[in-house]
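Student: I would like a close look at a single part of this model. Please take one helix and describe what surrounds it.

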Amino acid sequence: MKYMLLTYLDEKAWGELGETEQERVISECNPHIENLLKNGKLLAGAPLHPTSTATTLRLQDGKRLVTDGPFAETREQLGGYTLLEADNLDEAIAIAGKFLGRSFPTAIEIRPIRDFPGTPSH
Amino acid sequence: MRYLLLAYIDEKAWAELGEAEQSRVRAESQPHVQNLSKTGRFISGAGLRPTSTAVTVKVEGGKRLVTDGPFAETREQLGGYALIDANDLDEAIGIAGLFAQRSFPATIEIRPLMDGAGAHPDAPVQGEAR
C-alpha cells in the first residue's frame, strides 16, 4: 500500500535556522532515508519552497481566480512530502516516526494513496 | 521547474456523487494527463483516500503522539496531487487551470519543489531515474 507523508513545520523558525543548521538537521535523516531506499520503501519525496511562493487557483462562476499564498493558512506549513510503500498503516506510522526524531520539530500527516489506472503515482 | 499541485475538494460532496459519477469526473482529466505526459509536463499523480483515513504523528514532550485525522481541518480537503514540470509559474497555473475545469469544483494549490539541497537529499524525486 502506498502512503503520502505530508510534513508540516514552522517555516519561519526553519528559515531563521540558517543554511548550515538546516543542512545539519536535514542530514540527521540520511541514515533513515538510506535504509528506506535500500528496502524499496521510499518511492519519492521532495521539500517545497516556502508558502510565500505558493499560488492557489480556483474557478468562480466559470472564471479562473488566482491568488497568492497556500490554500489554507495553518500554524505550521507544508514543507515537504514523501511517498512511501508500506505494508500497512502501522508500518507507515513507524517510518514517519523516525523522520520525527530530528532536532527540529515537525508534524507528519499520513494519507493512503488511491492509484489512478494508467497514471503513475510516482 | 517542478511544481506540486495539491487539489482540495469538498470530500463529503464528492462521496455523495457515487462511484460511477466520480469515475466520469475523473475521466474528464484524462485527455489533459495524456497530452501533458506526452510532452513530459505531467510526471505523476494520484488520489488520496478521504481524510477519515488520515493519521497525524508528532513528538510532544519527547513522546510520539499519534492522532486520527489530517494535520489541519479545512473547509475543503486535500484529495489528490499531481507533480508537473513547467517552465515557470505562469505555465504551471495554465496546467492547474486545465485540471480545475472539471465538472466537480476543486481548488488547486501550486507549490514549487526545492531542487538540490532539501529535506531528502538522497530521495528520488518523482519522475526521476530510481
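Tutor: What follows deals with one helix of chain B, then with the core and the chain contact. The model is predicted. Helix α4 of chain B covers residues 89-100, 12 residues in total. From its first C-alpha to its last it reaches 16 Å, close to the 16 Å expected at 1.5 Å a residue.

The buried residues in α4(B) are A92(B), I95(B), A96(B) and F99(B). They lie on the same side of α4(B), because the arc they cover around the axis is only 100 degrees. Their cover includes elements from both chains: β3 of chain A, and β1, α3 (30-38), β5 (77-85) and β6 of chain B.

Two of these helix residues, A92(B) and I95(B), are touched by I84(B). Leaving out residues up to four places away in sequence, I84(B) also touches Y3(B), L5(B), L36(B), R41(B), F42(B) and I43(B). In the largest nonpolar core, which has 62 residues, I84(B) and L5(B) touch the most other members. Strand β1 of chain B, residues 2-9, supplies the largest share of this core, with seven residues.

β3 of chain A, part of the cover of α4(B), spans residues 55-60 and runs antiparallel to strand β6 (residues 107-112) of chain B, joined to it by three bridges. T56(A) has E109(B) as its bridge partner in β6(B).

The contact between the chains takes 53 residues from chain A and 49 residues from chain B. On the side of chain A that touches chain B, strand β6 (residues 107-114) of chain A gives the most, eight residues. That side of chain A consists of 31 nonpolar, 14 polar and eight charged residues.

Note on methods. Residues are numbered from 1 along each chain as its sequence is written. Chains are lettered from A and ligands numbered from 1 in the order in which they are written. This is a predicted model: local features need pLDDT of at least 70, side-chain atom pairs count only at pLDDT 80 or more; totals for chains, interfaces and linings use all residues. A nonpolar core is a set of buried Ala, Val, Leu, Ile, Met, Phe, Trp, Tyr and Cys residues joined through C-beta atoms within 7 Å. A residue is buried if 20 or more other C-beta atoms lie within 10 Å of its own, exposed if 12 or fewer, and partly exposed in between; C-beta atoms are placed from the backbone. Helices (H or I, at least four residues) and strands (E, at least two) are DSSP runs, numbered from the N terminus. Two residues are in contact if their C-beta atoms, placed from the backbone, lie within 7 Å. Ala, Val, Leu, Ile, Met, Phe, Trp, Tyr, Cys and Pro count as nonpolar, Asp, Glu, Lys and Arg as charged, and the others, Gly among them, as polar. Two strands pair if DSSP finds at least two bridges between them. The expected span of a helix is 1.5 Å times one less than its number of residues. The arc is that of the directions from the helix axis to the C-beta atoms.
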